[in-house]
Amino acid sequence: MTQEQIKNIIAHTDHTNLSQTATQFDIMDVCNDAENYGAASVCIPPCYVEFAADYTSNVDVCTVIGFPNGYSSRNTKIIKLVNDIDNISIALNTSVTQI
C-alpha cells in the first residue's frame with residue numbers, strides 16, 4: 001500500500017477516544033493527532049463536543065448517542081442532537097432491534 005493510499009484511508013476515518021476516563025488533555029491530543037494525520041473527524045464523548053469545537057476548527061467533531069448499548073430512549077437521543085457537532089453516530093438498542 002502506498003503512502004497516498006494510506007492518507008486516503010485516514011481521510012475517511014474518525015480518530016476516536018470514547019474512554020470513560022478521557023480528560024480535556026486527552027481530547028486535545030486526539031484533536032491534534034486527527035489534524036496532524038488528516039483524519040476526517042474526531043469522535044469523542046458528548047460532554048467534550050463544545051470544548052473540541054472551540055479547540056479545533058480544522059477537524060470535524062463527531063460524537064455518539066446511546067453509546068455503547070443504545071439503551072437511551074428515542075426522545076433522549078433526539079434531545080442530545082442539539083449540540084455543536086458535525087457528525088453523529090447513534091448506537092441502536094440491539095435487544096429490541098430486529099433485522
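Is Tyr55 buried, partly exposed or exposed, and what is its relative accessibility? In this predicted model, Tyr55 has a relative accessibility of 33% and therefore counts as partly exposed, a value that lies between the 20% bound for buried residues and the 50% bound for exposed ones. The setting of Tyr55 is taken up again below, after the overall architecture and the nonpolar core have been described.

The protein chain contains four helices and four strands, and these elements, read from the N terminus, follow the order α-β-α-β-α-β-α-β. Of the 99 residues in the protein chain, 27% are buried. The surface that the protein chain exposes amounts to about 6,800 Å², with 50% of this area supplied by carbon and sulfur atoms. When contacts between residues at least 6 apart in sequence are considered, 50% of them join residues that are at least 24 apart.

The largest nonpolar core comprises 13 residues, among which Ile27, Val42, Ile44, Ala52 and Val61 touch the most other members. Two or more residues are contributed to this core by each of helix H2 (24-37), strand E2 (41-44) and helix H3 (49-55), and the largest share, four residues, is that of H2. Beyond its neighbours within four places in sequence, Val42 is in contact with a set of residues that includes Val30, Cys31 and Ala34 on the one hand and Val59, Asp60, Val61 and Cys62 on the other, together with His15. Val61, which appears both in that contact list and among the core members that touch the most others, is located in strand E3, a strand that spans residues 60-65. With a relative accessible area of 1%, Val61 falls under the 20% limit and is therefore buried. The C-alpha atoms of Val61 and Ile44 lie 7.6 Å apart in space, although the two residues are separated by 17 residues in sequence.

Helix H3 also carries the aromatic pair of the model, the count of such pairs being one. The ring centres of Phe51 and Tyr55 are 6.0 Å apart and the ring planes meet at 15°, so the pair is classed as stacked, the angle being under the 30 degrees that this class requires. Because Phe51 and Tyr55 are four residues apart in helix H3, about one helical turn separates them. Phe51, at 21% relative accessibility, counts as partly exposed, and Tyr55, at 33%, is likewise assigned to the partly exposed class.

Thr56 is found in the loop between H3 and E3, and its relative accessibility of 5% means that Thr56 counts as buried. Apart from neighbours within four places in sequence, the contacts of Thr56 are with Cys31 and Glu35. Cys31 is also listed among the contacts of Val42. A further spatial relation links Thr56 to Met28, in that their C-alpha atoms are 8.6 Å apart while the residues themselves are 28 residues apart in sequence.

At the surface, Met1, Ile6 and Ile9 form a nonpolar patch of about 310 Å². Met1 belongs to the segment that precedes helix H1 (3-10), and its relative accessibility of 73%, which is over the 50% threshold, places Met1 in the exposed class.

Note on methods: Residues are numbered from 1 along each chain as its sequence is written. This is a predicted model: local features need pLDDT of at least 70, side-chain atom pairs count only at pLDDT 80 or more; totals for chains, interfaces and linings use all residues. Side-chain values use heavy atoms; hydrogens and water are left out. Patches are made of residues with over 30% relative accessible area and no salt bridge: like charges are joined within 9 Å, nonpolar side chains (Val, Leu, Ile, Met, Phe, Trp, Tyr) within 5 Å. Accessible areas come from the Shrake-Rupley method with a 1.4 Å probe; for residues, only the protein chains shown count as cover. A salt bridge is a side-chain nitrogen of Lys or Arg within 4 Å of a carboxyl oxygen of Asp or Glu. Buried means under 20% relative accessible area, exposed over 50%, partly exposed in between (1.4 Å probe, protein chains only). A nonpolar core is a set of buried Ala, Val, Leu, Ile, Met, Phe, Trp, Tyr and Cys residues joined through side-chain atoms within 4.5 Å. Contact means heavy atoms within 4.5 Å. Rings of Phe, Tyr and Trp (its six-membered ring) pair if their centres lie within 6.5 Å; planes under 30 degrees apart count as stacked, over 60 as edge-to-face and the rest as tilted.
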